[in-house]
Amino acid sequence: MSSQGTADAVHRHQQLGLTDGEVLDMYKYMLLARKFDERCLLLQRAGKINFHVSGVGQEAAQVGAAFGLDRDHDYFLPYYRDYGFVMAVGMTPRELMLSAFAKAEDPNSGGRQMPGHFGHKKLRIVTGSSPVTTQVPHAVGFALAAKMQKKEFVSFVTFGEGSSNQGDFHEGANFAGVHKLPVIIMCENNQYAISVPIHKQLSGKISDRALGYGFPGLRVDGNDALEVYAAVKEARQRAIAGEGPTLIEAMMYRLSPHSTSDNDLAYRTKEEVEENWKKDGVLRMKNYLIECGIWDEARDADLASQLALEMKEATEYADNAPYPKPEDTLTHVYADSEEGGR
């Protein structure tokens, strides 16, 4: 499903049921996530924040997936690179900056967790923990609740290919398959588990593992937001119809180091990274919109300026916001009596 070629490209998003406005919103969120990453890198280098895990190169799959879900009813269990995803389902740059600065107003954890450990009750983003892949059985639990309560929502969970070998993935997938639960499991295969390349991690395709658990698995181009959107939308329709889980393997490339504490050129070449920049999903979506005649370079420059101002405001607000107080250490850790006691 390529976006190359004007004859096909002009109508592609419309064939998928997306309006011009919706596909432009997709691009806005992708670019917003990229600008957030760029700002956080500068802040870390300036000593303003301590740490940042980048999602550069993964925005297309994240935003495409978000648009394929019901953002008013579904439950989301993202992993730590999913800035594009969480913003597309409703989180603001200010909220993410509060997390980066570890401030008290941070809706994710009140400034207690590392950045990228997302959580937002109002938006049904389920709080994640530091051990990788634990979010998969949690997502399966939410899907079990949907089935038991006969509620029409799905749970959607993401993880990296490096964590696909963890027992949590296999146990969660097996349970979801046995009980035909409404869960979508998406692997963001970015080719590297920190410093370990994919050929030293895996034998075969991650998507093929779904066969062992009795439900469909498919591999998609993670640099193509529209292809990911179509796959997630179809998987959601299957889940709501009672047909069970789907495993989606979105192929992409981590264009940045693993984190601000990582030297990626110690395990891969500059030429390899530069070659993959040519496949960048953000640039690909921009070119697609221009081919469709609904975007141009002038509007793109205006949007970039607008998002830069939004990042500036979010940064200044978070920088000046108060840190958590010692007496608030246990706030939101235990349920209060009105919510069922401790």
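These notebook entries record what I looked up in a predicted model.

**Entry 1: the second largest pocket**

I began with the second largest pocket, whose volume comes out at about 310 Å³. Its lining has 24 residues. Nearest the centre I found Tyr 79, Tyr 80, Val 132, Gly 160 and Ser 163. By type, the lining splits into twelve polar residues, ten nonpolar and two charged. I then checked which strands contribute: strand 2 (155-160) and strand 4 (192-193) each give at least two lining residues.

**Entry 2: Ser 163 and Gly 160**

Two of the residues nearest the centre of that pocket, Gly 160 and Ser 163, got an entry of their own. I placed Ser 163 in the loop between strand 2 and helix 7 (167-179), and Gly 160 in strand 2.

Is Ser 163 buried or exposed? Ser 163 has a relative accessible area of 9%, and because the cut-off for buried is under 20%, it counts as buried. Gly 160, at 11% relative accessibility, is buried too.

I looked for a link between the two. A polar atom of the Ser 163 side chain is 2.9 Å from the backbone oxygen of Gly 160.

For contacts I set aside residues up to four places away in sequence. On that basis Ser 163 touches Val 132, Thr 133 and Phe 169. Gly 160, treated likewise, touches Tyr 79, Cys 187 and Glu 188. I also noted a distance: the C-alpha atoms of Gly 160 and Phe 101 are 25 Å apart, with their positions 59 residues apart in sequence.

**Entry 3: the nonpolar cores**

Next I turned to the largest nonpolar core, which holds 68 residues. Which of them touch the most other members? They are Met 26, Met 97, Phe 156, Val 232, Met 285 and Leu 289. Helix 2 (residues 20-45) provides the largest share of this core, eleven residues.

I followed Phe 156 further. Beyond four places in sequence, Phe 156 is in contact with Ala 65, Leu 69, Tyr 75, Phe 76, Leu 77, Phe 85, Ile 184, Met 186 and Val 232. Another core, of 20 residues, lies apart from the largest one. Its members include Ile 185, Cys 187, Ile 206 and Phe 215.

**Entry 4: Tyr 75**

Tyr 75 appeared among the contacts of Phe 156, so I looked it up next because its accessibility was worth a check: at 25% it counts as partly exposed. Tyr 75 belongs to strand 1 (residues 75-77). Neighbours within four places in sequence aside, Tyr 75 contacts Arg 124, Val 126, Phe 142, Phe 153, Val 154, Ser 155 and Phe 156. From Tyr 75 to Cys 187, 112 residues away along the chain, the C-alpha separation is 17 Å.

**Entry 5: Ile 240**

I found Ile 240 in helix 8 (residues 225-240). Its relative accessibility is 27%, which puts Ile 240 in the partly exposed class. What does Ile 240 touch, not counting residues up to four places away in sequence? Ile 240 touches Glu 152, Phe 153 and Val 154. Lys 151 is 89 residues from Ile 240 along the chain, and their C-alpha atoms are 9.3 Å apart.

**Entry 6: Asp 280**

Asp 280 sits in the loop between helix 9 (270-277) and helix 10 (281-292). With a relative accessible area of 6%, Asp 280 is buried. Outside its neighbours within four places in sequence, Asp 280 is in contact with Arg 34 and Leu 255. The side chains of Asp 280 and Arg 34 make a polar contact at 2.8 Å. I also took the C-alpha distance from Asp 280 to Arg 254, which is 9.9 Å for 26 residues in sequence.

**Entry 7: two positive phi values**

Last, I looked at backbone angles. Most residues other than glycine have a negative phi. Ala 102 has a positive phi, near 55°, and Gln 191 has one of about 80°. Neither Ala 102 nor Gln 191 is a glycine.

Where do they lie? Ala 102 is in the loop between helix 5 (93-100) and helix 6 (135-148). Gln 191 is in the loop between strand 3 (183-189) and strand 4. Ala 102 is partly exposed at 26%, while Gln 191, at 18%, counts as buried because that value is under 20%.

Note on methods
Residues are numbered from 1 along each chain as its sequence is written. This is a predicted model: local features need pLDDT of at least 70, side-chain atom pairs count only at pLDDT 80 or more; totals for chains, interfaces and linings use all residues. Side-chain values use heavy atoms; hydrogens and water are left out. On a 1 Å grid over the protein atoms alone, a cavity is a set of points where a 1.4 Å probe fits but cannot get out, and a pocket is an open set with protein on both sides within 12 Å along at least five of seven lines; lining residues have an atom within 4 Å of a point. Grid points are joined across faces, edges and corners, and a volume is the space filled by probe spheres set on the points. Helices (H or I, at least four residues) and strands (E, at least two) are DSSP runs, numbered from the N terminus. Ala, Val, Leu, Ile, Met, Phe, Trp, Tyr, Cys and Pro count as nonpolar, Asp, Glu, Lys and Arg as charged, and the others, Gly among them, as polar. Buried means under 20% relative accessible area, exposed over 50%, partly exposed in between (1.4 Å probe, protein chains only). A polar contact is a pair of N or O atoms within 3.5 Å; within protein, one must be able to donate a hydrogen and the other to accept it, and residues adjacent in sequence count only if both atoms are side-chain atoms. Contact means heavy atoms within 4.5 Å. A nonpolar core is a set of buried Ala, Val, Leu, Ile, Met, Phe, Trp, Tyr and Cys residues joined through side-chain atoms within 4.5 Å.
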